[in-house]
Amino acid sequence: MRRARLSLRQVLSLMARRPALLCGAIVLGVLLVLAVKLTCSRAKNVVAAARPPLRFFSAESPVVDLYLGQLDQVERLRSVAEVSFVFFYAPWCAQSMAARQEVQLVAKKLAKQVQFVAINCWWSQGKCRRQKRFYQYPIIHLFYRRFGPIEYKGPFVAAYMQSFILRVITPLTYLPTREALQEYLCCHDSRVVGFFDFNSSPQPPGYIIYLTSALQALKRDFRGTIRFGVVTNRHVADAISLKEHESVYLHRRVNASLIFPKRERNFTSQAICNWVFEHRESVLQWLQPPGTKSYLLEQHLSKGAALLLFLPHNPLTSKPDGLLQQVADMALRYHSCDSMLNQHSSWPCCQSVIIPDSSVWCDVCSFHFKPLEGATLKRCCLDQAPLACSSFLLSYSPLSQHSACCRKVPQLNKTKVFRNSSAKGDDLTGLRCQTNRTLRFYVLDIDLNWPLAVRLGAEPGRNRSSLHRHQETGEQSDGLFAAIVNLKDEVHYVLQRSHANTLTESLEAFIRNFSAPYSLLQRHLVGEDQRRGAATRPGEPEPPRPLITELTTSSFLPCIMDLQKDVLLLYYTQWCGFCTALNHVFIQLARLLQRNSNVTVARVNVAQNDLPWEFMAYQVPSILFFPRYRKHESVKFPDDLPITLPNLLRFILKHSGLPSYMDKPATSHDKDSSGPDGILRAELSALREEVRTLHRARKLLSNQLAQLWRDNRHLKFDARSLQAQNVELQQERQSLEEQHREKSRQLGEAVRRLQELADASENLLSENTLLRILLKTLRDTTEVKEREDDAPTQRGSHLAS
């Protein structure tokens, strides 16, 4: 490390001594950076740029379309408008396309009051896409001046969106007189009243907080079921015991009304909103399933039995229509557990419990129990002074203390103050506290939730336009569908209306029958629409009898309980793979029994058809046999046996068999007799004939199986002989291969020997040639020597001669 430091110091000192070296290093670094930048800039142009988006709304529309995602333009348009409607969309989204027409309809009606803005939040180069993180489209935000955003969570329907915008425009209802206040408080929805004295200040400080709390409530309830009103007159405020300035009053029709505790909670918009939602009454609650997979219905249905009321609803009406008002009054009487309504008080909505032998009444703060004893109430009413409830009980406990609001009783005839709920024709009042089978009331818009109503048992072929033709007099109409769903018992009941009763009478009887210890209601069974079973027209030939009869909920009992036929029934579902594998077996069985008209092969899809409890199966596939004349002796196919054609035939023959005396042939006396005995003998003969038919079919099948067994045996023998021949051929092949190898070896040895002989013959030939040459040379040499030897001799002889 020290050496490195020294070397770095030396380098720096060297660069300081030689500035040219430092300049060269800087130039090299700049060149390296430029090279990297040029390389990266070339890599960016590999993907083509996306096309710029087009307008989502037309140019003539009152909606300002920011199709390039200019989020800063939204802020500018919001700043100049009192109420702004911002529609975040994606141009490819089907929900955005469907909501576009609805938004245009609303914008044409409210363009003078609201600034409508639509912004493309999917364009990759837009500012909205970079700053917003939406997981679904479209998204609607409303802004009231500087307050917002208020997200709209309702259906994308023009009427609902317009109603929501109007509630944002006017979040508070002004109540100038006592008559207006009384009319405002007598509606079935939850009502909140705020008292602010504008005489002391043109704009009281708490008024803005109260206004903001009304807007906060719209964030949690897009329908605006909790209404906020404002009172500026002290005389009007005295009618609901509001004495102090900046007081908030929550009106309730079943429980005692409450005043916001400013000493216990901070007077803020969020605190007021939370307090209202914690203590509001929900005797009638609206439901709006989102139309996608969700747990909304399960969250409500798991709390207990629920009465689902499908009504035609127009959200733009200022007052509830007659049908909804009847249902609301019925729900209120059902939840009125103290069974007494004050008719002579200045407020007919007030409900109280009177103390015996006292001039004080007490509004009990919990209705989950029967009226308390007088002594208990006397302890609650401290010195008979008008007090606010110090605690509110959300659940009943026998060990808890109950609080009450007490005030003086007006000088009225006490015998006529309360209406007796046990009067004739009003048995629904207080029924919630008289039975353990309690109900929760839910209301749904029938136009938006029609598929759910059909799934629960509404007529699918009914004309949708007739749903709005209901009458306010309570007479029967096509505008209501009611069903009680008990998720715990896995049952639901459908309201069956009669022409003799009005709507109110029918609903009350429906609720009372459910609440009875021994309910008279019949479980509603939902099944597939059996359109193939339509009756044939006159003159047309009857359709051929199907091999396998497909049963539904409506045709199940008539088919299996037909005393004249034996029924073999298969329980299956469309997702069961084992059930699909059995189709060919049942088709063969149905073809075999096709000539026998007294045996029916049927099946039922238990996933699409509800069946009575006594006929439900615990597993699929399951097979049941219902013999004729003995339906109570139905038998299940054994689980340990494989489901094959022979086993099914044996199962049918075993359980459809008759006593042994029925196999005897009928005599002439039996044939000629008449009367009941003759009919029984005829039936007996028919049964014998049917048994003989089944036996013949069994014999035919046995012969076929025997023939197949013989053919299989012959095939096995042929296979064995072919296998033996194959073994012999393999052995011959092995011997031939050995002979071939031996002959090849011998042939190679002969070739080797011939090659050796050829080589030896070549050597002998060369040696023979050499010998010949030597021999010739020797001969020539010998001749030369002889000539030389003969030459002197001849010379001498010549000389001699």
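Among contacts in the protein between residues at least 6 apart in sequence, what percentage join residues at least 24 apart? The figure is 72%. Keep that in mind as you click around, and remember that you're looking at a predicted model.

**Stop 1: the whole protein**

Show everything as cartoon to start with. The secondary structure comes to 21 helices and 23 strands. Now colour by burial: of the 801 residues in the protein, 39% are buried.

**Stop 2: helix α3**

Select residues 71-79, which is helix α3. Show side chains for L71, V74, L77 and R78: these are buried. Why do they sit on the same side of α3? Look down the axis: they cover an arc of only 110° around it, and that puts them on the same side of the helix.

Next, bring up what lies over those buried residues. The cover includes four strands and a helix you can add one by one:

- β1, residues 64-66
- β2, residues 83-89
- β3, residues 115-120
- α5, residues 127-131
- β4, residues 139-144

**Stop 3: α4 against α6**

Select 94-110 for helix α4 and 158-169 for helix α6. How do their axes run relative to each other? They come within 9 Å and cross at roughly 45°, so the two helices are oblique to each other. The handedness of this crossing is right-handed.

For the contact itself, turn on sticks for E102, V103, L105, V106, K109 and L110 on the α4 side. From α6, add A158, M161, Q162, I165 and L166. Colour by class and you should find 8 nonpolar, 1 polar and 2 charged residues in this contact.

**Stop 4: α18 against α19**

Jump along the chain to 583-592, helix α18, and 645-656, helix α19. Here the axes come within 10 Å, with a crossing angle of roughly 50°. That makes α18 and α19 oblique to each other, therefore expect a slanted view rather than a lined-up pair. The crossing of α18 and α19 is right-handed.

Which residues of α18 and α19 meet? On α18, pick V585, F586, Q588, L589 and L592; on α19, pick L645, L648, L649 and I652. Run the class colouring again: the contact of α18 with α19 has 8 nonpolar residues, 1 polar and no charged.

**Before you close the viewer**

Put both helix pairs on screen together. The contact of α4 with α6 includes 2 charged residues, whereas the contact of α18 with α19 has no charged ones.

Notes: Residues are numbered from 1 along each chain as its sequence is written. This is a predicted model: local features need pLDDT of at least 70, side-chain atom pairs count only at pLDDT 80 or more; totals for chains, interfaces and linings use all residues. Side-chain values use heavy atoms; hydrogens and water are left out. Buried means under 20% relative accessible area, exposed over 50%, partly exposed in between (1.4 Å probe, protein chains only). The arc is that of the directions from the helix axis to the C-beta atoms. Contact means heavy atoms within 4.5 Å. Axes are lines fitted to C-alpha atoms, for helices over the stretch in contact, and angles run from 0 to 180 degrees between N-to-C directions. Angles under 35 degrees count as roughly parallel, over 145 as roughly antiparallel, 65 to 115 as roughly perpendicular and the rest as oblique. A crossing is left-handed if the near helix is turned anticlockwise from the far one by less than a right angle, and right-handed if clockwise. Ala, Val, Leu, Ile, Met, Phe, Trp, Tyr, Cys and Pro count as nonpolar, Asp, Glu, Lys and Arg as charged, and the others, Gly among them, as polar.
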